[in-house]
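Me: I would like to go through the domain arrangement and the strand pairing of the following chain. Please reason through each point before giving a value or a name.

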Amino acid sequence: MQTWQKETVIYQIYPKSFCDSNGDGIGDIPGILSKVPYLKALGINAVWLSPCYPSPNDDNGYDISDYRGIAPEYGTLDDFKTLLDTLHQNGIRLLLDLVVNHTSDEHAWFEAARQSRDNPYRDYYIWRDPVDGHEPNGWRAAFGGSAWEFDEKTGQYYLHLFSRKQPDLNWDNPKVRQEIADMINYWLDMGVDGFRCDVINSISKDFTADAPGMGPHLHEYLHELHVKALGPHGALTVGETWGMTPAQTLLMTSEARGELTMTFQFEHLMLGRVGWDKFRRCDVDRKAFVDILAKWEYGLKDDGYPVLVMENHDQPRALSRFGDDRYPFESATMLAALLYGMRGVAVVYEGQELGLANPTFPTLADYRDIETINAYHEMENDYDEQTLLEMMNFGSRDNSRVPMPWDGSAHAGFTTGTPWIVADFDPTKTVAAEEADENSVLWFYRKLFRLRQNDPVLLHGDFELLQNEDGTAVYRREKDGDVRLVVVRFADTPAPLPTIVPANTEALLANYPNGGDTLRPYEARILKI
Ligand code: GLC
Ligand code: CA
(Lines give C-alpha, C1' and ligand atoms only; values in the text may rest on other atoms or scores of the structure.)
(Ligands and ions follow the chains in the order given, each with its own letter.)
Protein backbone atom coordinates (compact mmCIF):
# COMPACT_ATOMS: atom_id res chain seq x y z
CA MET A 1 0.00 0.00 0.00
CA GLN A 2 1.35 3.40 -0.92
CA THR A 3 1.86 5.99 1.82
CA TRP A 4 -0.58 8.50 0.29
CA GLN A 5 -3.27 5.85 0.44
CA LYS A 6 -2.81 5.41 4.17
CA GLU A 7 -2.96 9.17 4.69
CA THR A 8 -6.24 9.68 2.90
CA VAL A 9 -9.20 11.53 4.38
CA ILE A 10 -12.09 10.79 2.06
CA TYR A 11 -15.14 13.04 1.81
CA GLN A 12 -18.18 11.31 0.37
CA ILE A 13 -20.42 13.43 -1.84
CA TYR A 14 -23.94 12.36 -2.74
CA PRO A 15 -24.19 14.41 -5.94
CA LYS A 16 -27.96 14.63 -5.97
CA SER A 17 -28.00 16.39 -2.59
CA PHE A 18 -24.81 18.42 -2.43
CA CYS A 19 -25.27 21.65 -4.40
CA ASP A 20 -27.57 22.60 -7.26
CA SER A 21 -26.07 25.13 -9.68
CA ASN A 22 -28.96 25.62 -12.11
CA GLY A 23 -32.13 25.66 -10.04
CA ASP A 24 -33.61 22.36 -11.23
CA GLY A 25 -33.67 21.10 -7.64
CA ILE A 26 -30.99 18.43 -8.26
CA GLY A 27 -27.40 18.75 -7.13
CA ASP A 28 -24.87 18.67 -9.96
CA ILE A 29 -21.18 18.71 -10.90
CA PRO A 30 -20.89 22.50 -11.39
CA GLY A 31 -22.41 22.74 -7.90
CA ILE A 32 -19.67 20.49 -6.51
CA LEU A 33 -17.06 22.51 -8.39
CA SER A 34 -18.26 25.69 -6.66
CA LYS A 35 -17.61 24.03 -3.28
CA VAL A 36 -14.02 22.92 -3.83
CA PRO A 37 -12.78 25.75 -1.58
CA TYR A 38 -15.05 24.44 1.17
CA LEU A 39 -13.60 20.94 0.78
CA LYS A 40 -10.09 22.26 0.84
CA ALA A 41 -10.74 24.27 4.00
CA LEU A 42 -12.11 21.14 5.66
CA GLY A 43 -8.74 19.47 5.22
CA ILE A 44 -9.83 16.38 3.30
CA ASN A 45 -7.62 15.06 0.51
CA ALA A 46 -9.92 12.80 -1.50
CA VAL A 47 -13.51 12.91 -2.68
CA TRP A 48 -15.66 9.85 -3.28
CA LEU A 49 -18.51 10.68 -5.59
CA SER A 50 -21.55 8.47 -5.30
CA PRO A 51 -22.61 7.43 -8.84
CA CYS A 52 -22.88 10.25 -11.33
CA TYR A 53 -23.41 8.09 -14.42
CA PRO A 54 -26.58 8.08 -16.56
CA SER A 55 -29.29 6.24 -14.66
CA PRO A 56 -33.07 5.88 -14.58
CA ASN A 57 -32.62 6.58 -10.84
CA ASP A 58 -34.65 3.69 -9.51
CA ASP A 59 -31.98 3.56 -6.77
CA ASN A 60 -30.55 7.09 -7.14
CA GLY A 61 -27.79 6.21 -9.58
CA TYR A 62 -26.87 2.78 -8.21
CA ASP A 63 -28.73 1.52 -11.29
CA ILE A 64 -26.36 2.53 -14.09
CA SER A 65 -27.42 2.62 -17.74
CA ASP A 66 -24.07 3.81 -19.16
CA TYR A 67 -20.78 3.14 -17.38
CA ARG A 68 -18.81 5.66 -19.40
CA GLY A 69 -21.05 8.71 -19.29
CA ILE A 70 -22.18 11.43 -16.92
CA ALA A 71 -25.85 11.79 -16.02
CA PRO A 72 -27.25 14.78 -17.97
CA GLU A 73 -28.85 16.14 -14.79
CA TYR A 74 -25.36 16.29 -13.24
CA GLY A 75 -23.62 17.89 -16.22
CA THR A 76 -21.38 16.83 -19.08
CA LEU A 77 -18.22 14.77 -19.35
CA ASP A 78 -16.40 18.08 -19.79
CA ASP A 79 -17.86 19.32 -16.50
CA PHE A 80 -16.61 16.13 -14.92
CA LYS A 81 -13.10 16.59 -16.35
CA THR A 82 -13.06 20.17 -15.07
CA LEU A 83 -13.99 18.94 -11.60
CA LEU A 84 -11.30 16.26 -11.74
CA ASP A 85 -8.64 18.80 -12.78
CA THR A 86 -9.74 21.35 -10.20
CA LEU A 87 -9.68 18.81 -7.39
CA HIS A 88 -6.22 17.66 -8.45
CA GLN A 89 -4.96 21.24 -8.55
CA ASN A 90 -6.15 21.53 -4.96
CA GLY A 91 -4.41 18.38 -3.83
CA ILE A 92 -7.64 16.37 -3.66
CA ARG A 93 -7.90 12.95 -5.29
CA LEU A 94 -11.10 11.66 -6.85
CA LEU A 95 -12.68 8.25 -6.34
CA LEU A 96 -15.70 7.12 -8.32
CA ASP A 97 -18.34 4.63 -7.28
CA LEU A 98 -17.83 1.32 -9.03
CA VAL A 99 -21.22 -0.37 -9.23
CA VAL A 100 -20.55 -3.63 -11.03
CA ASN A 101 -22.61 -6.23 -9.22
CA HIS A 102 -25.53 -5.10 -11.38
CA THR A 103 -26.51 -2.61 -14.06
CA SER A 104 -29.79 -0.87 -14.73
CA ASP A 105 -32.35 -2.85 -16.71
CA GLU A 106 -32.10 0.11 -19.11
CA HIS A 107 -28.41 -0.56 -19.79
CA ALA A 108 -27.87 -1.49 -23.47
CA TRP A 109 -26.46 -4.87 -22.40
CA PHE A 110 -29.63 -5.83 -20.58
CA GLU A 111 -31.90 -4.40 -23.26
CA ALA A 112 -30.13 -6.68 -25.74
CA ALA A 113 -29.99 -9.63 -23.34
CA ARG A 114 -33.74 -9.71 -22.82
CA GLN A 115 -34.47 -9.77 -26.57
CA SER A 116 -33.95 -13.52 -26.97
CA ARG A 117 -32.31 -16.51 -25.36
CA ASP A 118 -29.64 -16.59 -28.05
CA ASN A 119 -28.78 -12.89 -27.99
CA PRO A 120 -24.99 -12.40 -27.66
CA TYR A 121 -25.56 -10.39 -24.47
CA ARG A 122 -27.88 -12.97 -22.88
CA ASP A 123 -25.06 -14.47 -20.86
CA TYR A 124 -24.04 -11.06 -19.44
CA TYR A 125 -26.81 -11.63 -16.88
CA ILE A 126 -28.06 -14.52 -14.79
CA TRP A 127 -31.06 -16.35 -16.25
CA ARG A 128 -32.81 -19.46 -14.96
CA ASP A 129 -35.76 -21.54 -16.06
CA PRO A 130 -38.78 -21.64 -13.78
CA VAL A 131 -38.85 -24.57 -11.36
CA ASP A 132 -42.38 -26.04 -11.16
CA GLY A 133 -43.65 -22.77 -12.53
CA HIS A 134 -41.90 -20.78 -9.80
CA GLU A 135 -38.73 -18.86 -8.99
CA PRO A 136 -35.60 -21.04 -9.20
CA ASN A 137 -34.85 -20.56 -5.48
CA GLY A 138 -36.06 -18.65 -2.43
CA TRP A 139 -33.54 -15.79 -2.49
CA ARG A 140 -34.95 -12.45 -1.38
CA ALA A 141 -34.00 -9.08 -2.86
CA ALA A 142 -32.50 -6.45 -0.55
CA PHE A 143 -35.34 -4.06 -1.35
CA GLY A 144 -38.08 -6.64 -0.74
CA GLY A 145 -39.72 -9.45 -2.69
CA SER A 146 -38.07 -12.27 -4.59
CA ALA A 147 -34.60 -11.78 -6.06
CA TRP A 148 -35.94 -13.30 -9.30
CA GLU A 149 -38.03 -11.50 -11.89
CA PHE A 150 -39.88 -13.39 -14.59
CA ASP A 151 -39.29 -12.09 -18.10
CA GLU A 152 -42.43 -12.84 -20.17
CA LYS A 153 -40.81 -12.46 -23.54
CA THR A 154 -38.17 -15.16 -23.10
CA GLY A 155 -39.85 -17.25 -20.42
CA GLN A 156 -36.99 -17.17 -17.91
CA TYR A 157 -36.22 -15.48 -14.62
CA TYR A 158 -33.32 -13.06 -14.16
CA LEU A 159 -31.56 -12.45 -10.86
CA HIS A 160 -31.61 -9.08 -9.08
CA LEU A 161 -30.22 -8.87 -5.56
CA PHE A 162 -31.57 -5.30 -5.32
CA SER A 163 -34.54 -3.84 -7.22
CA ARG A 164 -35.99 -5.51 -10.31
CA LYS A 165 -34.51 -2.62 -12.25
CA GLN A 166 -31.01 -3.72 -11.13
CA PRO A 167 -30.30 -7.06 -12.87
CA ASP A 168 -27.15 -8.80 -11.59
CA LEU A 169 -24.24 -9.18 -13.99
CA ASN A 170 -22.93 -12.66 -14.67
CA TRP A 171 -19.32 -12.45 -13.50
CA ASP A 172 -18.71 -16.05 -14.50
CA ASN A 173 -18.76 -14.81 -18.11
CA PRO A 174 -15.20 -13.73 -19.06
CA LYS A 175 -16.60 -11.14 -21.48
CA VAL A 176 -18.32 -9.35 -18.60
CA ARG A 177 -15.09 -9.28 -16.62
CA GLN A 178 -13.23 -7.88 -19.63
CA GLU A 179 -15.87 -5.16 -20.18
CA ILE A 180 -15.57 -4.11 -16.53
CA ALA A 181 -11.76 -4.07 -16.63
CA ASP A 182 -11.87 -1.95 -19.80
CA MET A 183 -14.33 0.45 -18.20
CA ILE A 184 -12.12 0.79 -15.11
CA ASN A 185 -9.15 1.57 -17.33
CA TYR A 186 -11.20 4.17 -19.19
CA TRP A 187 -11.73 6.16 -15.97
CA LEU A 188 -8.25 5.57 -14.57
CA ASP A 189 -6.67 6.66 -17.87
CA MET A 190 -8.70 9.86 -17.58
CA GLY A 191 -7.01 10.52 -14.25
CA VAL A 192 -9.46 9.19 -11.69
CA ASP A 193 -7.55 7.93 -8.64
CA GLY A 194 -9.63 4.97 -7.55
CA PHE A 195 -12.99 3.57 -6.63
CA ARG A 196 -15.36 2.77 -3.84
CA CYS A 197 -16.61 -0.66 -4.86
CA ASP A 198 -20.32 -1.17 -4.33
CA VAL A 199 -21.43 -4.49 -2.75
CA ILE A 200 -18.28 -5.98 -4.18
CA ASN A 201 -18.37 -9.22 -2.19
CA SER A 202 -21.57 -10.19 -4.03
CA ILE A 203 -20.15 -10.39 -7.56
CA SER A 204 -19.55 -14.15 -7.40
CA LYS A 205 -22.66 -16.13 -6.42
CA ASP A 206 -23.03 -19.34 -4.49
CA PHE A 207 -26.25 -20.85 -5.83
CA THR A 208 -26.17 -23.69 -3.34
CA ALA A 209 -26.68 -21.26 -0.44
CA ASP A 210 -30.07 -20.45 1.12
CA ALA A 211 -29.47 -16.73 0.77
CA PRO A 212 -27.21 -14.69 -1.51
CA GLY A 213 -23.70 -14.40 -0.07
CA MET A 214 -20.07 -14.56 -1.12
CA GLY A 215 -19.45 -16.93 -4.01
CA PRO A 216 -16.50 -19.22 -4.70
CA HIS A 217 -14.80 -17.03 -7.35
CA LEU A 218 -14.75 -13.67 -5.56
CA HIS A 219 -11.00 -13.59 -4.97
CA GLU A 220 -10.16 -14.82 -8.45
CA TYR A 221 -12.31 -12.11 -10.06
CA LEU A 222 -10.95 -9.33 -7.85
CA HIS A 223 -7.41 -10.42 -8.60
CA GLU A 224 -8.16 -10.38 -12.31
CA LEU A 225 -9.39 -6.76 -12.06
CA HIS A 226 -6.28 -5.92 -10.10
CA VAL A 227 -3.99 -7.37 -12.75
CA LYS A 228 -5.84 -5.92 -15.74
CA ALA A 229 -6.69 -2.46 -14.42
CA LEU A 230 -6.37 -1.44 -10.78
CA GLY A 231 -2.85 -2.58 -10.01
CA PRO A 232 -1.03 -1.04 -12.99
CA HIS A 233 -2.64 2.33 -12.20
CA GLY A 234 -1.88 2.15 -8.48
CA ALA A 235 -5.56 2.86 -7.88
CA LEU A 236 -7.02 3.15 -4.40
CA THR A 237 -9.99 0.87 -3.85
CA VAL A 238 -12.35 0.68 -0.89
CA GLY A 239 -14.74 -2.23 -1.04
CA GLU A 240 -18.22 -2.06 0.43
CA THR A 241 -18.48 -5.34 2.30
CA TRP A 242 -21.05 -5.97 5.01
CA GLY A 243 -20.85 -8.76 7.55
CA MET A 244 -17.16 -9.61 7.21
CA THR A 245 -14.68 -10.68 9.87
CA PRO A 246 -11.14 -9.26 9.94
CA ALA A 247 -9.87 -12.62 8.64
CA GLN A 248 -12.23 -12.53 5.66
CA THR A 249 -11.26 -8.92 5.06
CA LEU A 250 -7.60 -9.83 4.87
CA LEU A 251 -8.38 -12.32 2.13
CA MET A 252 -9.52 -9.34 0.04
CA THR A 253 -7.02 -6.73 1.17
CA SER A 254 -3.78 -8.44 2.10
CA GLU A 255 -0.99 -6.78 0.08
CA ALA A 256 0.30 -10.09 -1.16
CA ARG A 257 -3.01 -11.08 -2.71
CA GLY A 258 -3.45 -8.17 -5.13
CA GLU A 259 -7.20 -7.64 -4.81
CA LEU A 260 -8.52 -4.49 -3.11
CA THR A 261 -6.63 -1.84 -1.13
CA MET A 262 -9.07 -1.91 1.77
CA THR A 263 -12.70 -2.43 2.66
CA PHE A 264 -15.19 -0.72 4.90
CA GLN A 265 -16.10 -2.50 8.08
CA PHE A 266 -19.57 -1.63 9.39
CA GLU A 267 -19.85 -3.89 12.42
CA HIS A 268 -20.29 -0.98 14.86
CA LEU A 269 -23.09 0.39 12.65
CA MET A 270 -25.13 -2.72 13.46
CA LEU A 271 -25.49 -1.42 17.04
CA GLY A 272 -28.58 0.50 18.09
CA ARG A 273 -30.79 -1.44 15.72
CA VAL A 274 -32.15 -4.97 15.84
CA GLY A 275 -29.77 -7.08 13.74
CA TRP A 276 -30.21 -6.56 10.02
CA ASP A 277 -33.51 -4.78 10.56
CA LYS A 278 -32.51 -1.16 10.14
CA PHE A 279 -35.93 0.18 11.08
CA ARG A 280 -36.05 -1.30 14.59
CA ARG A 281 -34.29 0.70 17.27
CA CYS A 282 -32.66 -0.72 20.39
CA ASP A 283 -30.22 0.65 22.96
CA VAL A 284 -26.69 1.27 21.75
CA ASP A 285 -24.12 -0.80 23.58
CA ARG A 286 -21.50 1.94 23.87
CA LYS A 287 -18.83 -0.30 25.29
CA ALA A 288 -19.30 -2.64 22.34
CA PHE A 289 -19.00 0.31 19.94
CA VAL A 290 -15.46 0.97 21.17
CA ASP A 291 -14.57 -2.73 21.48
CA ILE A 292 -15.60 -3.40 17.88
CA LEU A 293 -13.51 -0.52 16.57
CA ALA A 294 -10.56 -1.78 18.61
CA LYS A 295 -11.04 -5.32 17.35
CA TRP A 296 -10.67 -4.08 13.77
CA GLU A 297 -7.64 -1.97 14.65
CA TYR A 298 -5.94 -5.09 16.00
CA GLY A 299 -7.20 -7.33 13.20
CA LEU A 300 -5.70 -5.12 10.48
CA LYS A 301 -2.58 -4.14 12.35
CA ASP A 302 0.00 -5.89 10.19
CA ASP A 303 -1.71 -6.18 6.82
CA GLY A 304 -4.69 -4.66 5.08
CA TYR A 305 -5.71 -1.26 6.47
CA PRO A 306 -8.59 0.00 8.63
CA VAL A 307 -11.21 2.33 7.21
CA LEU A 308 -12.83 4.62 9.77
CA VAL A 309 -16.45 5.35 8.93
CA MET A 310 -19.70 6.06 10.76
CA GLU A 311 -21.95 7.61 8.12
CA ASN A 312 -22.78 7.23 4.47
CA HIS A 313 -25.74 7.60 2.12
CA ASP A 314 -27.23 4.32 3.40
CA GLN A 315 -27.15 5.21 7.08
CA PRO A 316 -29.12 7.53 9.33
CA ARG A 317 -27.03 10.29 10.91
CA ALA A 318 -24.53 9.04 13.50
CA LEU A 319 -25.50 11.77 15.94
CA SER A 320 -29.10 10.51 16.02
CA ARG A 321 -28.08 6.91 16.57
CA PHE A 322 -24.90 6.97 18.65
CA GLY A 323 -24.84 10.53 19.99
CA ASP A 324 -27.07 12.43 22.36
CA ASP A 325 -29.32 15.23 21.18
CA ARG A 326 -29.10 16.92 24.59
CA TYR A 327 -25.38 17.29 23.94
CA PRO A 328 -25.27 17.70 20.17
CA PHE A 329 -21.90 19.47 19.98
CA GLU A 330 -20.20 17.38 22.64
CA SER A 331 -21.41 14.00 21.43
CA ALA A 332 -20.81 14.74 17.73
CA THR A 333 -17.26 15.87 18.38
CA MET A 334 -16.57 13.05 20.84
CA LEU A 335 -17.61 10.50 18.21
CA ALA A 336 -15.31 12.19 15.69
CA ALA A 337 -12.33 12.16 18.06
CA LEU A 338 -12.99 8.57 19.09
CA LEU A 339 -13.18 7.33 15.50
CA TYR A 340 -10.63 9.45 13.69
CA GLY A 341 -8.05 9.32 16.45
CA MET A 342 -7.56 5.71 15.41
CA ARG A 343 -5.22 4.34 12.77
CA GLY A 344 -6.84 4.13 9.35
CA VAL A 345 -8.23 5.96 6.38
CA ALA A 346 -10.88 8.43 7.52
CA VAL A 347 -14.13 8.65 5.57
CA VAL A 348 -16.61 11.42 6.27
CA TYR A 349 -20.03 11.80 4.68
CA GLU A 350 -21.34 15.20 3.56
CA GLY A 351 -22.97 17.02 6.47
CA GLN A 352 -21.41 14.77 9.11
CA GLU A 353 -18.84 17.50 9.67
CA LEU A 354 -21.70 19.84 10.65
CA GLY A 355 -22.97 17.41 13.28
CA LEU A 356 -26.28 16.99 11.49
CA ALA A 357 -29.07 14.98 13.07
CA ASN A 358 -31.78 13.07 11.21
CA PRO A 359 -34.27 15.45 9.58
CA THR A 360 -38.04 15.19 9.90
CA PHE A 361 -40.18 13.57 7.24
CA PRO A 362 -43.81 14.38 8.08
CA THR A 363 -45.42 11.80 5.77
CA LEU A 364 -44.56 8.75 3.69
CA ALA A 365 -44.91 10.94 0.59
CA ASP A 366 -41.83 12.90 1.71
CA TYR A 367 -39.57 9.86 1.26
CA ARG A 368 -37.84 9.12 -2.02
CA ASP A 369 -35.78 6.01 -1.20
CA ILE A 370 -36.99 2.78 -2.80
CA GLU A 371 -35.85 0.72 0.18
CA THR A 372 -37.78 2.90 2.66
CA ILE A 373 -40.96 2.99 0.59
CA ASN A 374 -40.92 -0.77 -0.02
CA ALA A 375 -40.23 -1.49 3.66
CA TYR A 376 -43.12 0.75 4.68
CA HIS A 377 -45.51 -1.16 2.47
CA GLU A 378 -44.19 -4.53 3.62
CA MET A 379 -44.87 -3.58 7.26
CA GLU A 380 -48.05 -1.62 6.63
CA ASN A 381 -50.38 -4.24 8.10
CA ASP A 382 -48.29 -4.83 11.21
CA TYR A 383 -48.08 -1.30 12.66
CA ASP A 384 -50.11 1.90 12.85
CA GLU A 385 -49.07 4.83 10.72
CA GLN A 386 -47.42 6.78 13.54
CA THR A 387 -45.23 3.82 14.51
CA LEU A 388 -44.28 3.24 10.89
CA LEU A 389 -43.29 6.87 10.42
CA GLU A 390 -41.16 6.71 13.57
CA MET A 391 -39.45 3.58 12.29
CA MET A 392 -38.74 5.21 8.94
CA ASN A 393 -37.54 8.38 10.63
CA PHE A 394 -35.12 6.26 12.60
CA GLY A 395 -33.71 4.00 9.92
CA SER A 396 -34.39 5.42 6.47
CA ARG A 397 -31.53 6.02 4.08
CA ASP A 398 -33.19 9.33 3.22
CA ASN A 399 -32.09 10.63 6.64
CA SER A 400 -28.70 11.37 5.13
CA ARG A 401 -29.90 12.22 1.62
CA VAL A 402 -31.62 15.55 2.28
CA PRO A 403 -29.84 18.59 0.84
CA MET A 404 -26.56 19.77 2.30
CA PRO A 405 -27.43 22.90 4.35
CA TRP A 406 -25.22 25.70 3.07
CA ASP A 407 -26.90 28.71 4.69
CA GLY A 408 -30.10 29.94 6.27
CA SER A 409 -31.83 30.99 3.05
CA ALA A 410 -34.70 29.08 1.43
CA HIS A 411 -33.97 25.35 0.99
CA ALA A 412 -30.78 25.84 2.99
CA GLY A 413 -29.10 27.49 0.01
CA PHE A 414 -28.99 24.13 -1.78
CA THR A 415 -31.15 25.24 -4.71
CA THR A 416 -33.05 28.25 -5.98
CA GLY A 417 -35.70 25.87 -7.31
CA THR A 418 -37.72 23.09 -5.70
CA PRO A 419 -35.48 20.45 -4.11
CA TRP A 420 -36.02 16.83 -5.20
CA ILE A 421 -36.45 15.82 -1.55
CA VAL A 422 -37.51 17.79 1.55
CA ALA A 423 -34.89 20.28 2.67
CA ASP A 424 -35.69 20.25 6.37
CA PHE A 425 -32.77 21.84 8.21
CA ASP A 426 -31.69 23.39 11.47
CA PRO A 427 -30.61 27.02 10.79
CA THR A 428 -27.95 26.79 13.50
CA LYS A 429 -26.31 23.88 11.69
CA THR A 430 -25.50 25.25 8.27
CA VAL A 431 -22.08 25.73 6.72
CA ALA A 432 -22.45 29.52 6.99
CA ALA A 433 -23.48 29.41 10.66
CA GLU A 434 -20.75 26.97 11.65
CA GLU A 435 -18.02 28.70 9.68
CA ALA A 436 -18.79 31.83 11.68
CA ASP A 437 -18.43 30.01 15.00
CA GLU A 438 -15.03 28.63 15.95
CA ASN A 439 -16.69 26.46 18.57
CA SER A 440 -18.80 24.58 16.03
CA VAL A 441 -18.65 20.94 15.01
CA LEU A 442 -17.34 22.05 11.61
CA TRP A 443 -14.35 23.77 13.17
CA PHE A 444 -13.69 20.75 15.34
CA TYR A 445 -13.53 18.56 12.24
CA ARG A 446 -11.24 21.06 10.53
CA LYS A 447 -8.88 21.06 13.49
CA LEU A 448 -9.06 17.29 13.87
CA PHE A 449 -8.21 16.59 10.23
CA ARG A 450 -5.42 19.15 10.25
CA LEU A 451 -3.99 17.69 13.43
CA ARG A 452 -4.17 14.16 12.08
CA GLN A 453 -2.64 14.96 8.71
CA ASN A 454 0.32 16.67 10.34
CA ASP A 455 0.98 14.14 13.06
CA PRO A 456 2.85 10.96 12.11
CA VAL A 457 1.78 9.40 15.41
CA LEU A 458 -1.92 9.82 14.70
CA LEU A 459 -1.45 8.80 11.09
CA HIS A 460 0.78 5.80 11.45
CA GLY A 461 1.27 4.99 15.12
CA ASP A 462 0.32 1.67 16.67
CA PHE A 463 -2.99 1.38 18.44
CA GLU A 464 -3.65 0.00 21.89
CA LEU A 465 -6.91 0.11 23.85
CA LEU A 466 -6.02 0.86 27.47
CA GLN A 467 -9.44 1.15 29.06
CA ASN A 468 -13.08 0.78 28.08
CA GLU A 469 -15.42 0.65 31.03
CA ASP A 470 -18.16 2.59 32.81
CA GLY A 471 -18.49 4.98 29.88
CA THR A 472 -14.85 6.03 29.67
CA ALA A 473 -12.50 4.84 26.94
CA VAL A 474 -8.79 5.52 26.61
CA TYR A 475 -6.57 4.40 23.81
CA ARG A 476 -2.95 4.96 23.01
CA ARG A 477 -1.16 5.65 19.76
CA GLU A 478 2.58 5.26 19.56
CA LYS A 479 5.26 5.73 16.97
CA ASP A 480 8.99 5.59 17.67
CA GLY A 481 8.44 6.40 21.34
CA ASP A 482 6.08 9.32 20.65
CA VAL A 483 2.75 8.81 22.36
CA ARG A 484 -0.76 10.23 22.01
CA LEU A 485 -3.68 9.33 24.23
CA VAL A 486 -7.30 9.65 23.14
CA VAL A 487 -9.62 9.90 26.13
CA VAL A 488 -13.37 9.99 25.69
CA ARG A 489 -16.39 10.06 27.94
CA PHE A 490 -19.09 8.14 26.07
CA ALA A 491 -21.79 8.96 28.64
CA ASP A 492 -24.02 11.83 29.76
CA THR A 493 -22.55 11.89 33.26
CA PRO A 494 -19.18 13.17 34.51
CA ALA A 495 -16.48 10.80 35.75
CA PRO A 496 -12.96 11.13 37.12
CA LEU A 497 -10.15 11.23 34.61
CA PRO A 498 -8.69 7.70 34.61
CA THR A 499 -5.52 7.40 36.63
CA ILE A 500 -3.71 5.84 33.66
CA VAL A 501 -3.67 9.32 32.11
CA PRO A 502 -0.44 10.98 33.26
CA ALA A 503 -0.53 14.49 34.70
CA ASN A 504 1.96 16.10 32.35
CA THR A 505 0.03 15.96 29.11
CA GLU A 506 -0.62 18.59 26.47
CA ALA A 507 -4.09 18.72 24.91
CA LEU A 508 -3.73 18.76 21.13
CA LEU A 509 -7.48 18.94 20.71
CA ALA A 510 -10.45 18.83 23.07
CA ASN A 511 -14.17 19.56 22.93
CA TYR A 512 -14.33 21.31 26.33
CA PRO A 513 -12.13 24.19 27.49
CA ASN A 514 -9.69 23.58 30.38
CA GLY A 515 -8.74 19.97 31.05
CA GLY A 516 -8.78 19.08 34.74
CA ASP A 517 -9.25 15.77 36.44
CA THR A 518 -12.95 15.32 35.73
CA LEU A 519 -14.30 14.21 32.38
CA ARG A 520 -17.53 15.99 31.54
CA PRO A 521 -20.42 14.48 29.51
CA TYR A 522 -19.12 13.36 26.11
CA GLU A 523 -15.79 15.01 26.70
CA ALA A 524 -13.00 14.09 24.29
CA ARG A 525 -9.30 14.89 24.60
CA ILE A 526 -6.47 14.06 22.30
CA LEU A 527 -3.36 14.31 24.43
CA LYS A 528 0.35 14.39 23.79
CA ILE A 529 2.51 12.86 26.47
C1 GLC B 1 -24.87 -0.32 -1.95
C2 GLC B 1 -25.14 1.15 -2.01
C3 GLC B 1 -26.61 1.37 -1.90
C4 GLC B 1 -27.27 0.70 -3.07
C5 GLC B 1 -26.89 -0.77 -3.17
C6 GLC B 1 -27.22 -1.33 -4.52
O7 GLC B 1 -25.20 -0.87 -0.73
O8 GLC B 1 -24.42 1.82 -1.03
O9 GLC B 1 -26.95 2.73 -1.86
O10 GLC B 1 -28.66 0.80 -2.95
O11 GLC B 1 -25.51 -0.97 -3.00
O12 GLC B 1 -26.37 -0.80 -5.49
CA1 CA C 1 -29.00 20.98 -10.94
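The exchange below concerns a predicted model, taking its domains and then its strands.

Me: Which domains does the domain assignment give for the chain?
Reply: The assignment places residues 3–101 together with 174–448 in domain 1. Residues 108–159 form another domain, and residues 462–528 a further one. In order, these are domain 1, domain 2 and domain 3.

Me: How many residues does the contact take from domain 1 and from domain 2?
Reply: The C-alpha centres of domain 1 and domain 2 lie 30 Å apart. With contact taken as heavy atoms within 4.5 Å, the contact takes from domain 1 and domain 2 19 residues and 15 residues, respectively.

Me: Which three residues supply 38% of the area that domain 1 buries against domain 2?
Reply: The area buried between domain 1 and domain 2 is about 1300 Å², with 65% of it from carbon and sulfur atoms. On the side of domain 1, three residues supply more than any other three. They are Glu179, Phe207 and Pro212.

Me: How many residue pairs are in polar contact between domain 1 and domain 2?
Reply: By class, the side of domain 1 that touches domain 2 has eight nonpolar, two polar and nine charged residues. The count of salt bridges between domain 1 and domain 2 is nevertheless zero. For polar contact, with both residues at pLDDT 80 or more, the count of residue pairs is three.

Me: Which strands are the edge strands of the open sheet?
Reply: The open sheet has eight strands with parallel pairing, in the order β9-β8-β7-β3-β2-β1-β13-β12. An edge strand pairs on one side only. This applies to β9 (262–263) and β12 (307–308).

Me: Which residue in β8 stands opposite Phe195?
Reply: Strand β7 covers residues 194–197 and strand β8 covers residues 236–239. The two pair in the parallel sense over four bridges. Opposite Phe195, the residue in β8 is Thr237.

Me: Which residue in β6 is the bridge partner of Trp148?
Reply: Strand β5 (residues 148–151) pairs with strand β6 (residues 156–159) in the antiparallel sense, over four bridges. The bridge partner of Trp148 in β6 is Leu159.

Me: Which residue in the turn of the β5 and β6 hairpin has a positive phi?
Reply: The hairpin formed by β5 and β6 has four residues between the strands. One residue in the turn has a phi of about 70°. That residue is Gly155.

How values were computed
Residues are numbered from 1 along each chain as its sequence is written. Chains are lettered from A and ligands numbered from 1 in the order in which they are written. This is a predicted model: local features need pLDDT of at least 70, side-chain atom pairs count only at pLDDT 80 or more; totals for chains, interfaces and linings use all residues. Side-chain values use heavy atoms; hydrogens and water are left out. Domain bounds come from an automatic or database domain assignment. Buried area is the accessible area (1.4 Å probe) that two parts lose on being put together, summed over both. A salt bridge is a side-chain nitrogen of Lys or Arg within 4 Å of a carboxyl oxygen of Asp or Glu. A polar contact is a pair of N or O atoms within 3.5 Å; within protein, one must be able to donate a hydrogen and the other to accept it, and residues adjacent in sequence count only if both atoms are side-chain atoms. Ala, Val, Leu, Ile, Met, Phe, Trp, Tyr, Cys and Pro count as nonpolar, Asp, Glu, Lys and Arg as charged, and the others, Gly among them, as polar. Two strands pair if DSSP finds at least two bridges between them.
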